[in-house]
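Let's walk through this model together, starting with how far each part can be trusted and ending with single side chains.

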Amino acid sequence: MVDFSGSKVRNDQAALDGNSHRAEMGDDMGLAGITVVIALASLIGLWGLSCLASGLIKSGGIIGLGTSWISAVFGF
């Protein structure tokens, strides 16, 4: 059996420490969350633009859309 009690031991705990890996995983999870939010927001924005375009087409222009919106909201 070999006695290592007197030998110098290099401390490489920082490389094996789980905290640095957790920090990187947290950063990756945050980036993934932001990516999902941006993707969903752009889909909702595109849906809104397509609804606006559909309303413009069906009402006959911007004036017709405005009068239809006012009559729908205020009941005139």
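Which element of the protein chain has the lowest mean pLDDT, and which the highest? Helix α1 (residues 13-16) has the lowest, 54, and α3 the highest, 91; pLDDT is the predictor's confidence in each residue, from 0 to 100. The chain as a whole averages 81, and 67% of the residues score at least 70. This is a predicted model, so local features need pLDDT of at least 70 and side-chain atom pairs count only at pLDDT 80 or more, while totals for chains, interfaces and linings use all residues. Residues are numbered from 1 along each chain as its sequence is written, and side-chain values use heavy atoms, with hydrogens and water left out.

Now for the fold. The protein chain has three helices and zero strands, in the order α-α-α from the N terminus. Helices (H or I, at least four residues) and strands (E, at least two) are DSSP runs, numbered from the N terminus.

Helix α3 (residues 62-74) offers a neat check on geometry. The expected span of a helix is 1.5 Å times one less than its number of residues. For the 13 residues of α3 that gives 18 Å, and the end C-alpha atoms are indeed 18 Å apart. Just after α3, Gly75 adopts a positive phi of about 80°.

Next, the surface. Of the 76 residues in the protein chain, 1% count as buried (under 20% relative accessible area; exposed is over 50%, partly exposed in between; 1.4 Å probe, protein chains only). The chain exposes about 6,900 Å², with carbon and sulfur atoms supplying 70% of it; accessible areas come from the Shrake-Rupley method with a 1.4 Å probe, and for residues only the protein chains shown count as cover.

Finally, two residues of helix α2. Leu40 sits in α2 (residues 18-59) and is partly exposed, at 48% relative accessible area. Ser50 also belongs to α2; this serine is partly exposed at 38%, and its side chain reaches the backbone oxygen of Trp47 at 2.8 Å.

Key. A polar contact is a pair of N or O atoms within 3.5 Å; within protein, one must be able to donate a hydrogen and the other to accept it, and residues adjacent in sequence count only if both atoms are side-chain atoms.
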